[in-house]
Amino acid sequence: MELFFNPFDNLVCILLGISFTVWFTLLLVFIIVPAIFGVSFGIRRLYMKTLLKIFEWATLRIERGMYLDSAPEFEMSDIFYFARRGVESIMDDEVTKRFSAEELESWNLLTRSNNNFHYISLRLTVLWGLGLLIRYGFLLPLRVTLAFTGVGLLVVLTSVVGLLPNGRIKNFLSEKVHLMCYRICVRALTAIITYHDSENKPKNGGICVANHTSPIDVIILASDGCYAMVGQIHGGLIGVIQRSMVKACPHVWFERSEVKDRHLVAKRLSDHIEDKTKLPILIFPEGTCINNTSVMMFKKGSFEIGATVYPVAIKYDPRFGDAFWNSSKFGMVNYLLRMMSSWAIVCSVWYLPPMSREEGEDAVQFANRVKAAIARQGGLVDLLWDGGLKRGKVKDTFKEEQQKLYSKMLVGTQEDRSRS
């Protein structure tokens, strides 16, 4: 029996070896090597243009199918649509809707964006099934492989660079290692990024602030330039990555107890930016992820330091995949799997001119001015609400302010009546 199965076993081993060799060669030639040198073959942009053509065709099929299936007669059930829309308009205020996925004008062939469109016609169903096979059968394994490659290289290479003495060589190698690993991670998401106004990129001794849609905002920006990250120390895999990164680059990590001490945080950030040899700090002042439609209140802490602020606006194209992380609904692993099973992550990044605090301007006014500039450039809605409402209730101080305004309106009305 062993003699009978040996040739078959050998054939399987040979085929597996050939498949692994081909797979690794494709990764090395088309992804890893281009990531090292920061070049692109244009494959991702060709892929994006092809998807747009398919989406346009699918949209036409949907519109045609819905028109043919529609009945001209009025039915009593038709009023429920308008009743539902009216109730939604009342409940869907400008704050809570910023914490849910952005609505699409047309279907992008993803099941989670609509569960009914692929039943309209046979050809649309076949196209949807083919897309499902491509995304989960080919793209997802490729992207997971790239993600593990990028993260693995980041941990190993930053640990090795961390053994070198501080100096120009260490800083140079650290920058190259970070850029290479982040670019591999970007390719793990099939991210197609367009950077604008690169002459305004953040410089050492400054603070880069950006609107926050997703955890991948970090690699979107870091794949085009190196930053010192700011954050809380974690355990597990994230903790391993943090400890290895800080060996090669002076990132600013805080213990859980230190995060609540505003003065300590400000002191650590001030000490960092005073050293002009250190990388610019990357901060997301909203403190939580917003759904790619607006910018919410910036926390004033990073604007009290007195450093030059480099605003950055990030805007994602939701037609290819929803980049928004609804952390109250999806865990990190679930979210990343959804990203890696999407068509692509397409976004634009604008580097705005540096801004400084003006004379007589407090930290809150400065933060609002920077926020308004980011919203204007990214085509986002500028909101004054605190992103903390995603998990908490409205603060009592804000309620009191509204009560005072309302009381002034009542008092003013009574005074007007007495005068008349």
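**View 1. Isoleucine 207 of strand E2 pairs with valine 309 in strand E7.** The model shown is predicted. E2 and E7 run parallel and are joined by five bridges. Isoleucine 207 also has a counterpart in E5: isoleucine 281 stands opposite. Strand E2 covers residues 206-210, and strand E5 covers residues 281-283. These two strands pair in the parallel sense as well, over three bridges. One of the facing pairs is cysteine 208 in E2 and leucine 282 in E5.

**View 2. Strand E2 is covered on both faces.** Gly206, Cys208 and Ala210 line one side. Ile207 and Val209 line the other. Every one of these residues is buried. The count for the strand is five buried residues out of five.

**View 3. Strand E3 pairs with E5 and with E4.** Strand E3 spans residues 228-232 and pairs with E5 in the parallel sense over two bridges. Methionine 229 has leucine 282 of E5 as its bridge partner. Leucine 282 also stands opposite cysteine 208. E3 and E4 run parallel, joined by three bridges. There, glycine 231 is matched with tryptophan 253 in E4.

**View 4. Seven strands make one open sheet.** Their order is E1-E8-E7-E2-E5-E3-E4, and the pairing is mixed. Strand E1 (191-196) and strand E4 (252-254) stand at the edges. Each has a single partner strand, so one side of each is left without a neighbour in the sheet. On average, neighbouring strands of the sheet are turned by 25° against each other, direction ignored. Strands of a sheet pair through backbone hydrogen bonds, either parallel or antiparallel.

**View 5. Proline 215 sits in a loop after strand E2.** The loop lies between E2 and helix H6 (217-222). Proline 215 has a relative accessibility of 24%, so the residue counts as partly exposed. Beyond its neighbours within four places in sequence, proline 215 is in contact with Cys289, Trp325, Met332 and Tyr335. Take the pair with tryptophan 325: the two residues are 110 residues apart along the chain. Their C-alpha atoms are separated by 7.4 Å.

**View 6. Asparagine 326 is buried in a loop.** The loop lies between strand E7 (308-317) and helix H10 (332-340). Asparagine 326 has a relative accessible area of 12%. The cut-off for a buried residue is under 20%, so asparagine 326 falls in that class. Threonine 288 lies 38 residues away in sequence. In space, asparagine 326 and threonine 288 are 9.5 Å apart, C-alpha to C-alpha.

**View 7. A nonpolar patch lies on the surface.** Leu130, Leu133, Ile134 and Phe138 form the patch. Together they have about 390 Å² of accessible area. Leucine 130 belongs to helix H4, residues 122-161. At 46% relative accessibility, leucine 130 counts as partly exposed.

**View 8. The whole chain holds twelve helices and nine strands.** The chain has 420 residues, and buried residues make up 39% of them. About 24500 Å² is exposed, and carbon and sulfur atoms supply 63% of that area. Among contacts with a separation of 6 or more, 77% join residues 24 or more positions apart.

Technical notes:
Residues numbered from 1 in each chain as written. Predicted model: local features only at pLDDT ≥ 70, side-chain atom pairs only at ≥ 80, totals over all residues. Heavy atoms only, no water. Pairing = 2+ DSSP bridges. Helix = DSSP H or I, 4+ residues; strand = E, 2+ residues; numbered from the N terminus. Axes fitted to C-alpha atoms, helices over the stretch in contact; angles between N-to-C directions. Buried < 20%, exposed > 50% of the residue type's maximum accessible area, 1.4 Å probe, protein only. Patch = residues over 30% accessible without salt bridge, like charges linked within 9 Å, V, L, I, M, F, W, Y side chains within 5 Å. Areas by Shrake-Rupley, 256 points an atom, 1.4 Å probe, with all protein chains shown as cover. Salt bridge = Lys/Arg side-chain N within 4 Å of Asp/Glu carboxyl O. Contact = heavy atoms within 4.5 Å.
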